[in-house]
Amino acid sequence: MTQCKKASISRVNLQIKYNNGEEAKQQNDVDLLRFVFRYSFRCFLSRLRFSAFSFLSLSRSSPSPSPSSGSRKSKIDVRKFEIAEDMFWKDGKPFQLIGGDLHYFRVLPEYWEDRLLRAKALGLNTIQTYIPWNLHEPEPGKLVFEGIADLLSFLTLCQKLSLLVMLRAGPYICAEWDLGGFPAWLLAIEPDVRLRSSDPAYLRMVEGWWGILLPKVAPLLYGNGGPIIMVQIENEFGSYGDDKAYLSYLMKLAREHLGEDIILYTTDGGSREALEKGTIRGDDVFSAVDFTTGDDPWPIFKLQKEFNSPGKSPALSSEFYTGWLTHWGEKMARTDADFTAAALEKILSQNGSVVLYMAHGGTNFGFYNGANTGANESDYKPDLTSYDYDAPITESGDVDNAKFKAIRRVVEKYGSVSLPSVPFNNKKTGYGSFQLTKTAFLFDLLDGIDSAQIVEAENPTAMEYLYQMFGFLLYVSQYASKTGGSKLFIPKVHDRAQVFISCSPKANGGQVLYVGTIERWSNQAIDLPNAKCVSNTSLFILGILSSVYVDGRVLKGWKMISIPFNNLNKVPKFNSVIQVSSEFPKLSAHKKLEHNSEDVLEGPSFYTGHFSIGKTSEVADTYISLRGWRKGIAFVNEFNVGRYWPISGPQCNLYIPAPILRHGENVLVIFELESPNSELVVDSVDQPDFMCGSRKSSVHQL
């Protein structure tokens with residue numbers, strides 16, 4: 001990286017070592033990292049405090065009755081979960097695993113028990129969950145296991161409710177979570193680390209992380225009295241690579257921390273190619289499969305046996321898809337309830353085991369929604385904030401729906417225990433319409449930015465290399481205007497860049513002209529009009545990008561201004577977004593951006609509104625409708641509820657769980673990137689809405 005003019009930043013060589021779960025590192029590296037990291041999850045986590053259950057008070061008896069009276073051992077009091085005779089065995093008796101994915105990090109801790117009880121009412125005896133590394137180690141050596149990241153409390157709660165657990169430890173989890181669960185600071189290591197590989201530098205990072213994580217969960221293994229019956233390594237690796245050394249390393253590292261008795265497993269698609277690449281032959285790791293709902297499961301289970309040792313291959317679909325994910329700009333994915341239930345019955349009726357993906361999807365709060373790619377980088381598909389997944393338990397926890405009832409009927413038919421009664425849906429309330437006020441124009445705030453938040457370099461630098469993991473980065477440079485205008489081209493945009501020009505290098509001192517938006521999935525050159533500036537024209541790009549070309553020449557000399565939303569309710573350092581209206585009481589008409597068409601764009605701005613909940617009223621779940629707004633992020637009482645993009649659709653409303661709200665005044669802050677609702681109004685409503693954009697909901701079968 002080129003030396004910076006003002007704040008010389010280099011890519012830090014992150015040689016992190018861990019000793020007994022603690023960081024042992026040179027202090028100067030620690031100080032540097034803590035200085036340059038400007039984001040913090042503490043507000044995010046402090047809003048989500050959750051009292052841990054005492055593990056010592058939990059019953060060490062079997063979490064659930066056995067489904068069969070048959071016994072493999074004479075001693076039935078031995079606490080053990082194992083595989084033999086192509087079956088699962090729990091405490092010496094055959095066990096049919098009927099599980100479901102429910103991810104603790106997509107649900108507020110205050111609702112964990114509610115959602116788990118609904119999963120039990122569906123008939124599940126097991127919960128499967130990922131563990132996202134980036135949630136628990138947002139900075140190198142900074143460990144977070146509290147609030148929504150309080151994994152141990154979630155696991156002990158599962159045991160309290162007599163639910164077994166299948167733990168998906170990663171280190172890679174799923175593309176539908178930001179960076180597949182990897183912390184973005186891995187991208188800043190010099191030299192580059194090859195993720196999901198046997199690259200020694202990457203393996204050292206994994207060793208450090210698992211050296212912290214796995215000893216924490218080891219006391220909760222089933223053989224130690226806890227609920228964890230199986231631990232997954234990697235995820236669907238056979239669809240990504242073919243690196244047996246990497247998988248073998250993960251297996252050995254897991255055994256080192258968890259012992260020989262716990263069942264380790266992999267999950268791969270039910271094709272020969274995926275299983276060849278993603279499995280480890282032999283007794284050490286059990287190979288599970290997933291496949292399209294509706295496919296004939298038993299030929300796939302027969303194929304599965306080829307990748308497990310004789311007698312060690314119980315039929316398990318570890319991701320039975322109850323619905324499907326939805327990307328921005330797509331139709332809302334819906335799957336027929338009866339079709340899904342019939343596919344499930346084909347497995348359970350022949351004593352197969354299954355894990356519903358998802359039992360309850362939840363929400364991708366904050367900046368955590370992931371993305372999928374297709375044939376190439378331009379085929380980019382960002383995921384919705386909602387992770388409803390058309391699951392039997394909806395995003396808000398509703399169970400009064402056809403899919404929940406259909407799946408429950410099938411489970412009840414083949415299960416050996418009576419199911420709990422079905423709980424009522426949680427109350428949801430619309431708190432009405434409320435007015436917002438424009439409290440700040442982004443470019444008005446530039447003069448107040450601390451110089452420490454500005455980095456100068458010859459070339460634009462991606463935010464990870466400036467140790468900013470989330471939020472926005474504003475890139476500023478200058479170029480000489482031409483009478484006929486110029487052409488701007490950015491070869492690599494990740495993932496969206498808004499382009500502005502001005503005759504003033506500070507933007508707030510003069511008129512700002514919105515030029516256009518470049519998107520990863522439709523990357524094209526755009527025209528820069530002649531701004532008729534006395535000197536050079538200032539160029540402002542809000543986004544993440546590579547080298548920038550103006551009229552075919554690489555543009556040099558850049559300032560990068562950090563806008564990380566590190567405390568979720570603050571513009572960097574100078575003012576709280578909520579209080580900024582007192583600093584900018586008058587927003588003149590010139591703050592509407594001109595555009596080289598008839599459209600007028602407000603530009604990236606902050607809007608604040610308030611609504612009250614009476615002391616005698618119940619605080620209930622709600623949704624905020626962003627119809628009429630365009631694209632941005634929303635904060636309720638300083639909590640980042642996620643991204644909105646109703647003009648792309650299909651999601652119109654953001655789910656606001658009751659624990660975020662409070663009696664009295666509640667504050668909504670919106671960072672709108674383009675233009676707001678013309679009336680500056682937001683509605684609080686009592687139901688979801690996935691009918692925005694040009695597309696409509698459809699029912700399809702996977």
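In the predicted model, E319 is situated in strand β12, which spans residues 316–321. With a relative accessible area of 4%, E319 falls below the 20% limit and is therefore buried. Beyond its neighbours within four places in sequence, E319 is in contact with Y130, R168, N235, E236, V289, D290, F291, V355 and Y357. An unreviewed UniProt entry assigns the feature "active site" to E319 and to E236. These two positions are spread over 84 residues of sequence, yet they cluster in space, with a largest C-alpha distance of 10.6 Å.

E236 occupies the loop between β9 (228–232) and α7 (244–258). In contrast to the buried E319, E236 is partly exposed, its relative accessible area being 24%. Apart from neighbours within four places in sequence, the contacts of E236 comprise R196, T267, D268, D290, E319 and Y321. D290 thus appears among the contacts of E236 and also among those of E319.

S353 belongs to strand β13, formed by residues 353–360. S353 counts as buried, at 3% relative accessibility. A polar atom of the S353 side chain lies 2.9 Å from the backbone nitrogen of L97. L97 is also one of the residues in contact with S353 when neighbours within four places in sequence are set aside; the others are F88, F95, Q96, A315, L316, S317 and I347. Of these, L316 and S317 fall within β12, the strand that holds E319.

The protein chain as a whole contains 12 helices and 36 strands. Of its 702 residues, 60% are buried. The exposed area of the chain is about 27000 Å², of which carbon and sulfur atoms supply 48%. Among contacts with a separation of 6 or more, 79% are between residues 24 or more positions apart.

One open sheet consists of four strands in the order β22-β19-β24-β25, paired in the antiparallel sense. Strands β22 (526–528) and β25 (553–554) form the edges; each has a single partner strand, so one side of each lacks a neighbour in the sheet. Within this sheet, β19 (residues 486–489) and β24 (residues 549–550) are joined by two bridges in antiparallel pairing. F489 is placed opposite Y549 of β24.

Two disulfides are present in the structure. In sequence order, the bonded cysteines of the protein chain are paired 1-2, 3-4. One disulfide connects C503 with C533, at an S to S distance of 2.1 Å. This pair links distant parts of the chain, 30 residues apart: C503 is in the loop between β20 (493–502) and β21 (512–519), and C533 is in the loop between β22 and β23 (537–545). The link of C503 and C533 is left-handed, with -85 degrees about the S-S bond. C503 is partly exposed at 39% relative accessibility, whereas C533 is buried at 14%.

The other disulfide connects C652 with C692, with an S to S distance of 2.1 Å. C652 lies in the loop between β33 (639–644) and β34 (653–656), and C692 lies in the segment after β36 (681–685), so the pair ties together parts 40 residues apart in sequence. The link of C652 and C692 is right-handed, with 130 degrees about the S-S bond. Both of these cysteines are buried, C652 with a relative accessible area of 2% and C692 with one of 5%. Burial is also found for C158, at 0% relative accessible area, and for C174, at 10%.

Note on methods:
Residues are numbered from 1 along each chain as its sequence is written. This is a predicted model: local features need pLDDT of at least 70, side-chain atom pairs count only at pLDDT 80 or more; totals for chains, interfaces and linings use all residues. Side-chain values use heavy atoms; hydrogens and water are left out. Two strands pair if DSSP finds at least two bridges between them. Buried means under 20% relative accessible area, exposed over 50%, partly exposed in between (1.4 Å probe, protein chains only). Contact means heavy atoms within 4.5 Å. Accessible areas come from the Shrake-Rupley method with a 1.4 Å probe; for residues, only the protein chains shown count as cover. A polar contact is a pair of N or O atoms within 3.5 Å; within protein, one must be able to donate a hydrogen and the other to accept it, and residues adjacent in sequence count only if both atoms are side-chain atoms. UniProt positions are given in the numbering used here, feature names are shortened, and annotations may be inferred rather than shown by experiment. A disulfide is a pair of cysteine sulfur atoms within 2.5 Å.
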